[in-house]
Amino acid sequence: MKKLIVTAFLAVGTAVPAAAEGAMLDPSVVQSCHAMTRIGAAEILCLGQAASMCQDASTAGTTTPGIAACITAETAVWDDILNAEYGKTQSYMTQLDATEPPVLGARPDALRKAQRAWIAYRDAECGLTYLRWQGGSIRSIAAANCGLIMTARRAFELRDMRGDGG
C-alpha cells in the first residue's frame with residue numbers, strides 16, 4: 001500500500017515549495033486559518049485556501065501532480081500546527097494530573113495512546129481513499145485531501161481539549 005509521506009521544513013511567513021514546478025504555498029495563510037477558527041467550530045471554512053492559492057499561482061497547480069503537491073504542502077503546515085497543539089495538550093494533561101491526581105489513569109498517557117491510534121486510523125483511512133480511486137489519476141488528489149482534512153480537524157480537536165484554546 002502506498003503511503004502519503006510529508007516532510008517539510010517551514011518557517012513562519014516563508015513561501016514553501018509545493019514539490020511541483022514553480023508552485024509555492026504560503027504557510028501564513030494556514031496559520032491565519034488556525035488562529036481565526038473559533039473553539040468548537042463545526043466547520044473549518046478556510047481549510048484548503050492555501051492549497052487553492054498555491055494552485056492558482058502556478059501552471060503546475062493545474063495538473064494532477066501539481067494539485068496533489070499543493071494539498072500536501074498545506075497538510076505539512078497543518079501537521080506542524082497539530083504537533084504544536086499536541087504538545088500544549090500533553091502539558092495541559094500533565095498539569096491536570098498534578099492538580100487533580102488521576103484515579104482512573106494518567107491523562108498524558110491516555111492522550112499519547114489516543115494520538116497513536118488516531119495516526120494509524122488516519123493512515124488507514126487515507127490509504128483506503130487512495131485504493132478506492134485506484135482506477136484513476138484522481139486517487140492522489142483524493143488521498144492528499146483526506147490527509148489535509150483529517151490533519152486539520154485533529155489539530156483543532158487537540159486545541160479544543162484544553163477548552164480555552166491556550
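Colleague: Hi! Let me start with one residue: does Cys33 count as buried or exposed, going by relative accessibility?
Modeller: Buried, because the relative accessibility of Cys33 is 2%, and the cut-off for that label is under 20%. Keep in mind that this is a predicted model.

Colleague: Noted. Which residue does a disulfide join to Cys33?
Modeller: That would be Cys46, and the S to S distance is 1.9 Å.

Colleague: And is that disulfide right-handed or left-handed, and why?
Modeller: The torsion about the S-S bond of Cys33 and Cys46 is about 85°, so this disulfide is right-handed.

Colleague: Where do Cys33 and Cys46 sit in the chain?
Modeller: Cys33 belongs to helix H1, residues 27–36, while Cys46 lies in the loop between H1 and helix H2, which covers 49–56. The two cysteines are 13 residues apart, and the pair links distant parts of the chain.

Colleague: Is the loop partner, Cys46, buried or exposed?
Modeller: Cys46 has 14% relative accessibility and therefore counts as buried.

Colleague: Let's widen the view. How many disulfides does the structure hold?
Modeller: Three. Counting bonded cysteines along the chain, they follow the pattern 1-2, 3-4, 5-6.

Colleague: How far apart are the sulfur atoms of Cys54 and Cys70?
Modeller: They are 2.1 Å apart, in a disulfide. The torsion about that S-S bond is about -65°, so the link between Cys54 and Cys70 is left-handed. Cys54 is in helix H2 and Cys70 in helix H3, residues 64–99, with their positions 16 residues apart in the chain.

Colleague: What relative accessible area does Cys54 have?
Modeller: It comes out at 0%, so Cys54 is buried. Cys70 also has 0% relative accessibility and therefore counts as buried.

Colleague: What about the disulfide that joins Cys126 to Cys146, what is its S to S distance?
Modeller: For that one it is 2.2 Å. With -85° about the S-S bond, the link of Cys126 and Cys146 is left-handed. This pair ties helix H4 (residues 107–132), where Cys126 sits, to helix H5 (residues 138–160), home of Cys146, and the cysteines are 20 residues apart.

Colleague: Are Cys126 and Cys146 buried or exposed?
Modeller: Cys126 has a relative accessible area of 11%, so it is buried. Cys146 is buried too, because its relative accessible area is 11%.

Colleague: New topic, helix packing. At what angle do the axes of H2 and H3 cross?
Modeller: Roughly 140°, and the axes come within 8 Å. H2 passes H3 in a right-handed crossing.

Colleague: Which residues meet there between H2 and H3?
Modeller: H2 brings Gln49, Ala50, Ala51, Cys54 and Gln55, and H3 brings Ile67, Cys70, Ile71 and Glu74. By class, the contact has six nonpolar residues, two polar and one charged. Both Cys54 and Cys70 appear among the contact residues, and they are the pair that forms the disulfide with sulfur atoms 2.1 Å apart.

Colleague: Nice link. Last stop: where is Tyr92 found?
Modeller: In helix H3. At 27% relative accessibility, Tyr92 counts as partly exposed, because that value falls between the 20% and 50% cut-offs.

Colleague: Leaving aside neighbours within four places in sequence, which residues is Tyr92 in contact with?
Modeller: Met161 and Arg162.

Colleague: What separation do the C-alpha atoms of Tyr92 and Met161 have?
Modeller: They are separated by 9.1 Å, although Tyr92 and Met161 are 69 residues apart along the chain.

How values were computed. Residues are numbered from 1 along each chain as its sequence is written. This is a predicted model: local features need pLDDT of at least 70, side-chain atom pairs count only at pLDDT 80 or more; totals for chains, interfaces and linings use all residues. Side-chain values use heavy atoms; hydrogens and water are left out. A disulfide is a pair of cysteine sulfur atoms within 2.5 Å. Helices (H or I, at least four residues) and strands (E, at least two) are DSSP runs, numbered from the N terminus. Buried means under 20% relative accessible area, exposed over 50%, partly exposed in between (1.4 Å probe, protein chains only). Axes are lines fitted to C-alpha atoms, for helices over the stretch in contact, and angles run from 0 to 180 degrees between N-to-C directions. A crossing is left-handed if the near helix is turned anticlockwise from the far one by less than a right angle, and right-handed if clockwise. Contact means heavy atoms within 4.5 Å. Ala, Val, Leu, Ile, Met, Phe, Trp, Tyr, Cys and Pro count as nonpolar, Asp, Glu, Lys and Arg as charged, and the others, Gly among them, as polar.
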